[in-house]
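Hi everyone, thanks for making time today. I'd like to walk you through a structure that may be new to you, so let's get it on the screen.

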Amino acid sequence: MADRFGSPLPQPLFDRLTIVGVGLIGSSLLRAARQRNLAARLVAVDASEAVCARVREIGIADEVTSDACEGVRGADLVILCTPVAAIEIVARDVAQHLAPGSILSDVGSVKGAVVAGVQPHLPATVHFIPAHPVAGTEYSGPDSGFSTLFVDRWCILTPPEGTDAKAVEKLQTFWSEVGSNVEIMTPAHHDLVLAITSHVPHLIAYNIVGTAADLEEVTQSEVIKFSAGGFRDFTRIAASDPTMWRDIFLNNRDAVLEMLGRFNEDLAALQRMIRWGDGQGLFDLFTRTRAIRRSIIAQGQETPAPDFGRRSTPSSDQ
Ligand code: NAP
C-alpha cells in the first residue's frame with residue numbers, strides 16, 4: 001500500500017478540483033486528493049448548508065460553497081458525488097459554467113442513466129468521463145470519508161465513444177493515484193455487472209432484514225440475539241443509505257430485473273432440492289460457491305480472517 005498510496009506528487013495533476021456532494025465518496029476524494037497533492041486547489045460544493053459548515057470545520061477543502069455554478073467555475077476537473085438522481089440536475093445547472101477543456105466526471109453507482117441524463121446538457125468543449133469507484137461503506141456524510149477508501153479497489157470508467165484519449169488517461173491517472181485499479185467498459189456492461197455483484201445482493205439484504213422484522217412467531221429480541229447465525233452480515237448491507245439505494249434501483253431497472261429473474265429461477269431450483277432431499281445437489285452448489293469466496297480473497301478483495309475479521313466468540317457464525 002505504501003507504493004500505491006505514498007508520498008504527495010511533486011506537481012499537482014490538476015489546478016482546481018471541484019467535488020460536488022461532500023458525503024462518504026466526495027469527502028474521501030477530497031482527503032485522498034489533499035494527501036497525494038492531486039490538485040493545487042480543492043473546492044467543495046454541497047447543497048446542504050449544514051454539510052458546508054461541517055466541511056469548513058474539518059478543513060478538507062480550500063473553498064466551500066453551496067453554489068454549484070460558482071464552485072465549478074475555472075475547475076479543470078469536476079466530479080459529481082451526489083446521489084444518482086441529483087447528478088443530472090447538477091450537470092444541467094452547471095453545464096454552461098464548466099471551463100472549456102475541463103473534465104466532468106461523476107461517481108454514480110449506475111452509469112447508463114447518468115450518461116443519458118448528463119450528456120445532452122454538456123457543451124462539446126467539456127470532456128465527460130463517467131466513473132464508478134467500487135468502494136464504499138454503509139455510512140454517509142462528510143465525517144464518514146477517509147483517504148484510503150479507494151486503495152486496492154476497482155474504479156470503472158465508462159467514457160462515451162470518441163472521448164478525448166488524453167482526458168481519459170488523465171482521469172485514469174487520478175484514480176490510480178488515489179490507489180484504485182482502473183478498468184474501462186461501456187455503461188450498459190457496467191450496469192449489468194453491478195446489478196449482480198452489488199444491486200441484487202443489496203435487494204436481497206433489504207428483503208431478508210425486512211422479512212425478519214415482520215415475523216410474528218420469532219421476536220425482535222431473538223432476531224437480534226441470534227443474529228450471528230448469518231443475519232447480522234445482511235444487516236450491515238441493509239443499513240446502507242436509503243436515498244442512494246432508492247436511486248440505484250430506479251435508475252438500473254432493466255439490468256436489476258434481468259438479474260432478479262435469473263435469481264428467482266435459481267432460488268426455485270434450490271427450493272426443489274430441499275423439498276426432494278437432493279443433498280448432492282445442495283452440496284455441489286455450496287462447493288462451487290465456496291470456491292468463489294476463496295477467489296475473492298485470493299484477489300485481495302476481502303479478508304481471509306474468520307467472521308470478517310470480527311472478534312470471534314464461541315457463539316459466532318454456525
Ligand atoms: P452521501 O454520503 O449521502 O453524500 C451525498 C452528498 O451529496 C450529501 O452531502 C448530499 O447532501 C449532497 N447532495 C445531494 N443533492 C445535492 C445537490 N443537488 N447538489 C449538491 N450536493 C448534493 O452519499 P455517498 O455514499 O457519498 O454517495 C454519493 C454517490 O456515490 C452516489 O451517486 C452513489 O451512487 C455513489 N457511490 C456510493 C458508494 C457507497 O458505498 N456509498 C460507492 C460507490 C459509489 P444532503 O445530505 O443534504 O442530501
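Let's begin with one pair of residues: Ala131 has Leu157, in strand 8, as its bridge partner. Before going further, please keep in mind that this is a predicted model.

Now let's widen the view from that pair. Strand 7 and strand 8, the latter made of residues 154–157, are joined by four bridges. How do these two strands run, parallel or antiparallel? They run antiparallel. As a general reminder, strands of a sheet pair through backbone hydrogen bonds, and the pairing can be parallel or antiparallel.

Those two strands belong to an open sheet of three strands, and the order is 7-8-9 with mixed pairing. Which strands stand at the edges? They are strand 7 and strand 9, the latter covering 181–184; each has a single partner strand, so one side of each has no neighbour in the sheet. From one strand to the next, the twist averages 20 degrees.

Strand 7 also leads us to the ligand. Together with helix 1 (24–36) and helix 4 (84–94), strand 7 (131–134) supplies at least two residues of the shell around the ligand. Which of the elements gives the most to that shell? Helix 4 does, with three residues.

How many residues surround the ligand? There are 26, and the closest are Leu24, Ile25, Asp46, Thr82 and Ser109. Sorted by class, the shell holds 14 nonpolar residues, 11 polar ones and one charged residue.

Let's look at some contacts with oxygen atoms of the ligand. For Asp46, a polar side-chain atom sits 2.7 Å from a ligand oxygen. Leu24 takes part through its backbone instead, with a polar atom there 2.9 Å from an oxygen of the ligand. Val84 also uses its backbone: an N or O atom is 3.5 Å from a ligand oxygen. Taken on its own, the ligand has 900 Å² of accessible area, and the protein covers 80% of that.

One last stop, away from the ligand topic: salt bridges. The count for this model comes to 13. One of them brings together the side chains of Arg16 and Glu63, at 2.9 Å from N to O. Where in the chain do these two residues sit? Arg16 is in strand 1 (residues 14–20) and Glu63 is in strand 3 (residues 63–65); they are 47 residues apart, so to speak a link between distant parts of the chain.

That's my tour. Thanks for listening!

How values were computed. Residues are numbered from 1 along each chain as its sequence is written. This is a predicted model: local features need pLDDT of at least 70, side-chain atom pairs count only at pLDDT 80 or more; totals for chains, interfaces and linings use all residues. Side-chain values use heavy atoms; hydrogens and water are left out. A residue is near a molecule or strand if one of its heavy atoms lies within 4 Å of it. A polar contact is a pair of N or O atoms within 3.5 Å; within protein, one must be able to donate a hydrogen and the other to accept it, and residues adjacent in sequence count only if both atoms are side-chain atoms. Accessible areas come from the Shrake-Rupley method with a 1.4 Å probe; for residues, only the protein chains shown count as cover. Ala, Val, Leu, Ile, Met, Phe, Trp, Tyr, Cys and Pro count as nonpolar, Asp, Glu, Lys and Arg as charged, and the others, Gly among them, as polar. Two strands pair if DSSP finds at least two bridges between them. Axes are lines fitted to C-alpha atoms, for helices over the stretch in contact, and angles run from 0 to 180 degrees between N-to-C directions. A salt bridge is a side-chain nitrogen of Lys or Arg within 4 Å of a carboxyl oxygen of Asp or Glu.
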